[in-house]
Amino acid sequence: MNWTKLLFYILLIILLVMGAFFYRWIFANLVYAMVFSYILDPFVSWFERRRVPRWLSVVGVYLVILGFFTWVTARFVPDLIRQGNYLFDLFKSGQHLSGQYIVTIPFINGVYEFMQNLDTQIPGLALAPKMIEILDNANSTLAGIPKLLMDNYQNILSTLSLIATIPLLSFFMLKDKYKLRKAALELSSNRYFELCFILLRKFDTNVGTFLRAILFEVIAVGFMASIALGIVGVRNPVLIGATAGVANIIPYFGPFMGGALAVLTVLINGGPLIMIVYAALAMYIVQVIDNNLVYPLVVGGTISMHPLLVLLTVIAGGWYGGILWMLISVPMVYITYSLVKVLYINLKDFRII
Amino acid sequence: MLKLIIRWLKTQLHKPDKNAALRRFSIFKKLSSFELYLLSNHLHKRSFKAGEMLFDRDYPLEMIFFIEHGEIEVLGTAHPSGHSVLTKNQWIGIIDMFHENIRSSSARALTDVQAIAVSRFDFLDLINKNPHMGVTILSAICESFSKYIFQLCEQPPAVNLADNQKQSTLGVPELR
């Protein structure tokens, strides 16, 4: 081995390690920006094919998204403000937010009465007093939040500024997509050029298609569930529909979670028992449409992972990072699995292994 | 005076077509500047030293190469004579693009070579998504194939045309 070459490679590795250490805080942001740009890329390319310069296409897509969010905010914020004002008045009234007081809030009062009902039917259960105790504890934790915010305002600001960088990073990723791809491929030697290109193309196609399909499915299921639950008369259909849509990311188990939430809401609100059947039926119809129409159309087949592996992945994700990781662990494992498969097949085809 | 100023402004504001050089390849000759721009997004410049392999036989086929300068020897089944030499402004891989997934020949640089590579999937995707561009490129490819077939027909009678066509799946040497 040529010593000069060896020395160069050692220096290069040291530099890469140092670079990775220096930029380690923004890796997560880069991943989020990448996901964001994968989702937006087809729209940008659509504009570009219509002779709009790429940078202007990205700006145009950003403006459309901004307009959409503005519309959503204008449409739903009044309700949120009304609910917020209610809580604000509670604070202003000077009353201590004890558990006994919180249970007078209409929605929570429904839950409390349901528990009291259960307590009378099942002796020794004592769910209602436990709820008051939990609310008291939560109240004392909430009381500490302003102090917590003041103590950690620097961390909060830096987190917010990092979140704000995601669209900016994504802008450059979208604008310079081809330049970045060319630069990455220039690093490969002629011997491995085609192999690297195939891997990059498959990564691009698999990850891009999968992410866009999941986003589309979340929106479609959320939308359909909201309408279906609204028709059968379940309270808060938009909130339950949106939660069901997000939970749908987890194959096999996600749909049950959405259905369970709908049924639980009917139970808590103390509606007639037939409503439970209606809510379950509504969620079932949504799932039938999703499984037979939406998913095959947008993804072209279900995730080919064994249910046991999905369950284990969800549990592992939950242990590792809570609800967020429960949601993203299955897509992450699936993407990693399909990329390793592509890598293995191509390494064999190019007779490297 | 105003006309002069406008003309001067036009010359100042006029951007030279960065991709015009691609028109030296006959299949891109009739493409507009915008179509060349779309194509250029998918092109990758590669340099090969004399004696270096561009690709090997039976390996997966991904890239089509357009030779900017230098000479490439296609080893194996590229030509009735068993091998052929491709030079400046010629390309390798267009026929395979439509029906093969595996290379049927090997290619080696005879001299230092500068080439432009494009993925056949990107190329076909461009053709599908830009119908005008697709028709222009496919017409040019057909034209070059017909010239090639006529060239093969003019070979001595001992050579079997069907075999030639079967063998010549890699290189399409242009006629001059």
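**Notes on a predicted two-chain model**

1. In strand S6 of chain B, Ile92(B) is the bridge partner of Phe65(B). This pairing belongs to a predicted model, and the points below should be read with that in mind. Strand S6, which covers residues 91–92 of chain B, is joined to S3(B) by two bridges, and these two strands run antiparallel.

2. Strand S3 of chain B, residues 63–69, has a second partner in strand S8, residues 113–119 of chain B, to which six bridges join it, again in an antiparallel arrangement. One position that a student can look up in the structure is Met63(B), which stands opposite Ser119(B) in S8(B). Is S3(B) mostly covered or hardly covered? Five of the seven residues of S3(B) are buried, and the strand is therefore described as mostly covered, given that a residue counts as buried when 20 or more other C-beta atoms lie within 10 Å of its own. When looking along such an element, it helps to remember that in a regular strand the side chains alternate between the two faces of the sheet.

3. Asn89(B) deserves a separate look, as its phi is near 70 degrees, which is a positive value in a residue other than glycine. Asn89(B) is placed in the loop that lies between strand S5 (83–86) and S6 of chain B. Because 14 other C-beta atoms lie within 10 Å of it, Asn89(B) is partly exposed.

4. A similar check can be made in chain A, where Arg51(A), although it is not a glycine, has a positive phi of about 70 degrees. Arg51(A) lies in the loop between H2 and helix H3 (54–92) of chain A. Arg51(A) is exposed, because it has 10 other C-beta atoms within 10 Å.

5. On confidence, the mean pLDDT of chain B is 81, and 81% of the residues of chain B reach 70 or more. Residues 158–171 of chain B, however, have a pLDDT below 50, and this stretch has 27 contacts in the model beyond near neighbours in sequence. For the complex, the predictor gives an ipTM of 0.78 and a pTM of 0.72.

6. What kinds of element make up chain A? Chain A has 14 helices and zero strands, and its pattern, read along the sequence, is α-α-α-α-α-α-α-α-α-α-α-α-α-α. Of the 353 residues in chain A, 16% count as buried. Among the contacts in chain A between residues at least 6 apart in sequence, 59% join residues at least 24 apart.

7. Helix H1 of chain A, residues 3–22, has 20 residues and reaches 28 Å from its first C-alpha to its last, which is close to the 28 Å expected at 1.5 Å a residue. H1(A) is hardly covered, with a count of zero buried residues among its 20 residues.

8. Chain A is divided into two domains, domain 1 (26–182) and domain 2 (188–353). The contact between them takes eight residues from domain 1 of chain A and nine residues from domain 2 of chain A. On the side of domain 1 that touches domain 2 of chain A, helix H2 (27–49) and helix H5 (106–121) are the elements that give two or more residues, and H2(A) provides the largest share, four residues. By class, this side of domain 1 of chain A has five nonpolar, one polar and two charged residues.

9. Where the two chains meet, 14 residues of chain A are in contact with 15 residues of chain B. Helix H9 (177–186), helix H10 (193–232) and helix H14 (307–349) of chain A each supply at least two residues of the side of chain A that touches chain B, with the largest share, five residues, coming from H10(A). The residues on this side of chain A divide into six nonpolar, two polar and six charged.

10. Helix H10 of chain A also holds Val221(A). Why does Val221(A) count as buried? Val221(A) counts as buried because it has 28 C-beta neighbours inside 10 Å, and the cut-off for a buried residue is 20 or more. Leaving aside its neighbours within four places in sequence, Val221(A) is in contact with Ala244(A), Gly245(A), Asn248(A), Val286(A) and Asp290(A). The C-alpha atoms of Val221(A) and Val58(A), by contrast, are separated by 28 Å, and these two residues are 163 residues apart along the chain.

Technical notes. Residues numbered from 1 in each chain as written. Chains lettered and ligands numbered in written order. Predicted model: local features only at pLDDT ≥ 70, side-chain atom pairs only at ≥ 80, totals over all residues. Contact = placed C-beta atoms within 7 Å. Nonpolar A, V, L, I, M, F, W, Y, C, P; charged D, E, K, R; others polar. Buried ≥ 20, exposed ≤ 12 C-beta atoms within 10 Å, placed from the backbone. pLDDT = per-residue confidence, 0-100. Domains from an automatic or database assignment. Expected span 1.5 Å × (residues − 1). Pairing = 2+ DSSP bridges.
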